[in-house]
Structures are given as C-alpha cells and as structure tokens.
Amino acid sequence: MWRELAAIGRETSTGGYRRYAWTAADTDCRSWFRDQAGARGLSHETDRNGNQWAWLGDPAAGDAVVTGSHLDSVPDGGAFDGPLGVVSAFAALDELRSRGAEFTRPLGIVNFGDEEGARFGLACVGSRLTSGQLTREKAYALTDADGITLPGAMEAAGHDPGAIGPDPGRLARIGAFVELHVEQGRALDLSGDRVGIASAIWPHGRWRFDFRGEANHAGTTRLADRRDPMPAYAETVLAARRAAELAGAVATFGKIAVEPNGVNAIPSLVRAWLDSRAADRATLDTVVAEIERAARDRARSDGVDLSVVRESFTPVVEFGHALRDELNRLLGGRVPVLATGAGHDAGILSAAVPTAMLFVRNPTGVSHSPAEFAAEDDCAAGVLALADVLEGLACR
Ligand code: GLV
Ligand code: MN
Ligand code: MN
C-alpha cells in the first residue's frame with residue numbers, strides 16, 4: 001500500500017506531499033482507496049460531502065465500527081499524517097481475516113475529505129459538513145487562493161456539490177469510530193511506547209489578520225510618510241510568540257500573503273493567518289486577545305487599518321472515557337494516554353459518535369513536514385493494536 005501511495009502528489013523538489021482537496025493528487029488518492037476496498041471485496045461509496053467509505057457488512061444494520069483517517073496533506077506534508085490511519089485500517093482488516101475473526105457488527109473504513117484545510121482554509125471540511133458543524137452556506141462561500149470555490153472544485157473533480165450538508169442518518173449508524181494517527185510530538189518516544197491512546201485535543205482556531213496600508217515607492221517615500229503594514233505584522237508575530245510563551249500555549253503565523261508583493265514597493269496589504277492552540281479555552285482566549293491588542297496598538301500608531309476575522313474554531317475535545325478505557329482494556333491495560341495539540345476528524349466526530357484515537361510513535365515528533373517519520377515496526381505495532389481493538393469491538 002505504501003509503495004502505491006508513495007508517488008501520489010509528491011513534490012520532488014522538497015520530498016513533501018501536496019495532496020490538496022479536489023485536486024488531481026486527491027483524485028489519485030481516492031482511486032487508490034477505491035481499489036483497496038475493491039481488492040478486499042468491500043462495498044465502496046462516496047458520501048454527499050465527499051468522504052469515502054468502504055464497508056464490510058451492511059452499514060444499514062447500524063451500530064457499525066468505523067476506522068480510518070484522511071489522505072490529503074498540508075503543503076509539503078509528510079507521508080504519515082492521515083495515510084497511516086487509512087493504510088493501517090486496511091492492514092488491520094487483513095490481519096483480522098488472517099485470524100479468522102467473525103464480524104458481528106458492520107466494519108467501515110473511511111477516508112475523510114479535506115482534513116487539513118490546506119486549499120480552502122478550513123480544516124476537517126468533510127467531517128464538519130457531515131456532523132453539521134459546517135453549514136452548507138459557509139461551505140459554498142469557501143474559496144482557494146485562485147478564487148475557485150469549494151463547490152466549483154468539487155464539481156471539477158467530478159463530485160456533485162448539490163447535496164453537501166449534514167448527514168445525521170449516516171452518523172446514527174455508527175456505534176464507534178477509532179482513528180489511528182501518527183503521533184505529532186514525542187510523548188511516546190519519551191515514554192518508550194509504540195502506541196498510545198488520545199485523551200483530549202486542545203481547543204484551537206485560525207484567525208485572519210488583514211493589515212491594510214498604502215502602496216508606495218520603496219526608494220522615494222519618506223519613512224514618516226509611509227503607511228506600511230509590514231512592521232505592524234512583524235510586531236504581531238513577536239507578540240504572538242511572547243503571549244504563547246507566557247501562557248504555555250502555541251501561536252503560529254505560518255501563512256502570509258503580501259500585496260502587491262514587490263521588492264521595491266511598500267505593501268498595501270499584509271494578510272496573515274494565526275493558528276493558536278492551548279490546553280483550555282480561557283488560556284487560548286487570553287493569548288489571542290493579547291496578540292490582537294498588540295496588533296491593534298502598532299497598526300494604530302502606523303496609520304494602518306486592521307481587521308481580524310476568526311475563520312475557524314474547534315473547542316476542546318475530551319474523548320469519552322468509556323471507549324478510551326475499553327481500548328486500553330483491549331490492549332492489555334497499560335497503554336499511555338496523551339493529549340494532543342493537533343486537530344483530527346475524530347475530534348469533530350466525537351460530538352456525535354463515541355470516538356477514540358490511537359497514536360503511533362514518531363521518533364522525532366516532526367509532523368507537517370517532509371521529515372515526518374514512523375518506523376516500520378512501530379507502524380506494524382499500530383496495525384496490531386488497531387486489529388485488537390476492532391476485534392474486541394466488532395467481532396465475536
Ligand atoms: C491538523 O493536522 C491540524 O492540527 O491543524
Ligand atoms: Mn495534519
Ligand atoms: Mn492528520
């Protein structure tokens with residue numbers, strides 16, 4: 001499976017993956033998923049929101065056990081964030097079949113669409129739409145950097161966007177969802193464990209800061225006469241680092257757009273996206289308020305206009321104790337339980353369905369980078385753990 005996925009959407013100059021929603025690379029990932037389902041005799045469907053499902057047994061019977069993750073990536077993402085959960089899901093089914101397991105509940109394997117939000121700016125679009133956490137109206141208004149709308153992109157990729165929206169009937173037929181994911185930190189490496197169980201996902205969000213000034217000549221405009229938005233932006237980046245450090249939170253400006261983006265032109269606009277996360281909501285609110293205050297102070301003194309828009313927000317997720325304790329019991333009772341600052345479809349689904357996560361050791365902790373890595377024997381341990389969990393939940 002890894003060999004077949006390896007070349008899809010890989011940028012050879014960086015070694016990273018660019019598998020953005022509804023692009024050719026995404027289509028290739030989807031074909032791969034359909035082929036994997038077909039090779040195992042599973043039925044396959046793409047739901048109204050573009051999520052792919054492979055089924056063993058009839059999902060209409062209800063109380064299904066579902067596992068899986070996503071296949072899309074961030075810009076120059078690693079090989080494992082997302083695909084490890086999908087590959088492990090198919091491999092765990094193979095393992096259960098070789099054990100001769102008899103399924104008493106339908107088993108689903110899912111590939112959620114557009115988890116990373118790299119193209120349209122909002123993460124977990126597929127699971128948010130399905131669970132009703134993203135309205136159809138808001139989804140229709142999403143655009144990429146070229147002004148292509150989400151429904152336009154869906155249509156161009158051959159998916160009819162006409163029916164996107166909540167799918168409560170689908171979720172009602174799921175009794176448990178377990179997402180396996182590469183760890184995006186070093187907790188398991190430090191504890192010496194191959195596999196962990198998620199306790200919680202930090203609350204997190206994305207905010208767009210638009211600093212608007214006035215374009216002018218870089219050589220002839222006196223400093224005193226400028227309305228340059230760049231220093232206010234720069235000040236804001238430093239304030240974000242300070243505020244996050246003080247609060248034990250994280251804050252990142254990882255994407256900016258500058259207009260007109262000329263070396264010898266004072267910018268008219270610096271548009272910057274803040275990603276901030278913290279262990280609790282009050283801390284996150286404090287950090288973001290402090291960053292915005294610093295941005296406004298500097299913008300005012302530079303004659304720059306500032307607008308701040310919260311583009312997305314995901315509240316804290318505490319995974320239900322019943323399912324996570326059950327996982328630990330099925331895995332022998334000694335699996336470390338850890339919180340994460342990364343967002344997941346599992347976090348979105350947990351509002352509607354009993355949900356749990358397994359993490360697989362990442363020896364460097366690096367993720368959202370071509371250097372992301374997980375050792376083969378740790379991945380194999382993840383598959384066996386997932387198989388044990390699915391066997392305990394879905395088999396006789
Ligand atoms: C997704 O990986 C996120 O945490 O942003
Ligand atoms: Mn990710
Ligand atoms: Mn992921």
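Biologist: Which word fits both His-70 and His-181, buried or exposed?

Modeller: Both are buried, so each has under 20% relative accessible area (over 50% is exposed, in between is partly exposed; 1.4 Å probe, protein chains only). This is a predicted model, in which local features need pLDDT of at least 70 and side-chain atom pairs pLDDT 80 or more, while totals for chains, interfaces and linings use all residues. Residues are numbered from 1 along each chain, chains are lettered from A and ligands numbered from 1 as written, and side-chain values use heavy atoms without hydrogens and water.

Biologist: What makes Ala-118 partly exposed?

Modeller: Ala-118 has 24% relative accessibility, which lies between the two cut-offs, so the middle class applies. Ala-118 sits in the loop between strand S6 (107–112) and helix H4 (125–131); helices (H or I, at least four residues) and strands (E, at least two) are DSSP runs, numbered from the N terminus.

Biologist: Which residues are the protein donors of the manganese ion (ligand 3)?

Modeller: They are His-70 (NE2), Asp-81 (OD) and His-181 (NE2), at 2.0 to 2.2 Å. Donors are N, O and S atoms within 2.8 Å of the metal (3.2 Å for Na, K and Ca), so these atoms qualify; water is not among the atoms, so the site may look incomplete.

Biologist: Why is the histidine pair said to tie together parts of the chain?

Modeller: His-70 is in strand S5 (residues 64–70) and His-181 in strand S7 (residues 174–182), so the pair joins parts 111 residues apart in sequence.

Biologist: What coordinates the manganese ion (ligand 2)?

Modeller: Asp-81 (OD), Glu-116 (OE) twice and His-368 (NE2) do, at 2.0 to 2.8 Å. Asp-81 coordinates both manganese ions, ligand 2 and ligand 3, which are 3.6 Å apart. Asp-81 and Glu-116 are both buried.

Biologist: How do you know that Arg-277 makes a polar contact with ligand 1?

Modeller: An N or O atom in the side chain of Arg-277 is 2.7 Å from an oxygen atom of ligand 1. A polar contact is a pair of N or O atoms within 3.5 Å, so this pair counts. For His-368 the distance to an oxygen atom of ligand 1 is 3.1 Å, and a polar side-chain atom of Glu-116 also lies 3.1 Å from a ligand 1 oxygen.

Biologist: How much of ligand 1 does the protein bury?

Modeller: Taken alone, ligand 1 exposes 200 Å², and the protein buries 93% of that (Shrake-Rupley method, 1.4 Å probe).

Definitions and conventions. A polar contact is a pair of N or O atoms within 3.5 Å; within protein, one must be able to donate a hydrogen and the other to accept it, and residues adjacent in sequence count only if both atoms are side-chain atoms.
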